[in-house]
Amino acid sequence: MTNQRTSVPTTDLAGQVALVTGATSGLGRRFAEVLAAHGAKVVATGRRVERLDSLATEIDAAGGSCSPVQLDVTDSDQITNAVEHAESTFGPVTILVNCAGMPDAQHATKMSLDLIDNVFDTNLRAPYLLSCEVARRLIAHKLPGRIVNISSINAFTYVGGRGGALYSITKAGLNRLTESLAVEWARFDINVNGIAPGMFVSEMTDGMIERIGDVSRSFPRGRIGQPSQLDSTLLYLVSPESEFVTGTVIKVDDGQTPR
Ligand SMILES: NC(=O)c1ccc[n+]([C@@H]2O[C@H](COP(=O)([O-])OP(=O)(O)OC[C@H]3O[C@@H](n4cnc5c(N)ncnc54)[C@H](OP(=O)(O)O)[C@@H]3O)[C@@H](O)[C@H]2O)c1
C-alpha cells in the first residue's frame with residue numbers, strides 16, 4: 001500500500017474476479033455486464049438459472065468471461081459454495097457486488113414472520129456472510145479487494161409510511177455494515193463501500209409503481225434512473241482511483257429525495 005498514486009487513471013479490471021449477486025435482473029445484471037466489459041472475470045449469481053445462462057452467453061459473445069452460478073443468498077451453504085466455485089473457476093474473488101435484495105412492500109404490523117426473516121436474510125445477513133467469506137479468503141491470500149454493497153436511498157429516508165419500513169431498516173443496517181467492515185478490513189487493503197440508488201428502472205420498481213402509482217412525477221426532475229446511470233459510480237468504487245475511499249455510501253438519486 002502506498003500513500004500516493006502515480007499511475008494513469010484506469011478502469012481496466014483485467015485480472016480481477018468479480019462475484020455479483022442479483023445478476024438475473026435489474027441493476028445486478030447491468031453491474032455484471034459492466035464489470036465484464038471492463039475486463040473482470042464475472043461470476044453471475046441468482047436463483048433463476050435460465051437468466052444466468054443467457055447473461056453468461058451474452059457476456060461471452062461480447063468477448064468477456066462469465067460463469068453462472070445458482071445462488072439463493074439466504075442459504076449460507078450455497079454462499080460458501082458459490083465463492084468456492086468462483087475461486088476454483090477464475091481465482092480468488094477480488095470484487096464482490098452485493099446487489100441481491102427484496103422489498104417488503106407491507107406495513108410493519110402486517111408482515112408474516114417468514115417475510116420478516118426473508119427480508120433480513122436477503123438484504124442484511126447475506127451481504128454480511130458473503131463479505132466475510134470473500135474477505136477471509138482475500139486475507140489468507142494477502143490480496144486486496146473491493147466490496148460494493150447496493151443499499152438504497154431508503155436507508156436514509158422513509159417517505160410516506162405506506163409500506164417499506166423493514167426495507168429501510170435493513171438498508172440502513174447495510175450502510176452500517178459497510179462502515180464497520182471497512183474499518184475492520186482497512187489494514188488488509190479491502191475497501192468496503194456502498195451505493196444508495198434512488199429510483200431506477202427494474203422489476204422491483206415495476207412492482208412498486210403497480211402498487212403505489214408513478215411517484216416519479218413528484219421528483220424534481222420528474223424521472224427515474226436507467227441502470228446504466230450507475231455504471232460510473234460502480235467503476236469508480238472498484239478502480240484504483242478510489243483506493244483511499246472506504247466505508248462510504250454514495251447516494252445516486254437525481255435529487256429525488258429530500259436531504
Ligand atoms: N431499482 C431501484 O430503484 C433500486 C433503488 C434502490 C436500491 N435498489 C437495490 O438494488 C438491488 C437490485 O434491485 P433491482 O431494483 O435491480 O431489483 P430486481 O430487478 O427485482 O432484482 C433483484 C435481484 O435480487 C435477486 N434476489 C432476490 N432475492 C434473492 C435471493 N434470496 N437469493 C438470490 N438472489 C436474490 C433476484 O434474483 P433471483 O430472483 O433470480 O434470485 C434479482 O436478481 C436491490 O438490493 C435493491 O434493494 C434498487
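Student: Which residues does S168 touch, not counting residues up to four places away in sequence?

Tutor: S168 touches N154, A155, T157 and Y158. Contact here means heavy atoms within 4.5 Å. The model is a predicted one.

Student: Where does S168 lie?

Tutor: In helix α5, residues 165–185.

Student: Why is S168 called buried?

Tutor: Its relative accessible area is 10%. Buried means under 20%. So S168 counts as buried.

Student: What makes C66 buried?

Tutor: The relative accessibility of C66 is 8%. The cut-off is under 20%, so C66 is buried.

Student: And C99, buried or exposed?

Tutor: Buried, because the relative accessible area of C99 is 13%, against a limit of 20%.

Student: Why is there no bond between the sulfurs of C66 and C99?

Tutor: The sulfur of C99 is the closest cysteine sulfur to that of C66, yet it is 14 Å away. A disulfide needs the two sulfur atoms within 2.5 Å. The pair is therefore too far apart for a bond. The count comes to 0 disulfides.

Student: What makes the T24 approach to the ligand a polar contact?

Tutor: A polar side-chain atom of T24 lies 2.7 Å from an oxygen atom of the ligand. The limit for N or O pairs is 3.5 Å, so this pair qualifies. G101 offers a polar backbone atom at 3.4 Å from a ligand oxygen. For F200, a backbone N or O atom lies 2.7 Å from an oxygen of the ligand.

Student: How much of the ligand does the protein bury?

Tutor: The protein buries 94% of the 870 Å² that the ligand exposes when taken alone.

Conventions
Residues are numbered from 1 along each chain as its sequence is written. This is a predicted model: local features need pLDDT of at least 70, side-chain atom pairs count only at pLDDT 80 or more; totals for chains, interfaces and linings use all residues. Side-chain values use heavy atoms; hydrogens and water are left out. Buried means under 20% relative accessible area, exposed over 50%, partly exposed in between (1.4 Å probe, protein chains only). Helices (H or I, at least four residues) and strands (E, at least two) are DSSP runs, numbered from the N terminus. A polar contact is a pair of N or O atoms within 3.5 Å; within protein, one must be able to donate a hydrogen and the other to accept it, and residues adjacent in sequence count only if both atoms are side-chain atoms. Accessible areas come from the Shrake-Rupley method with a 1.4 Å probe; for residues, only the protein chains shown count as cover.
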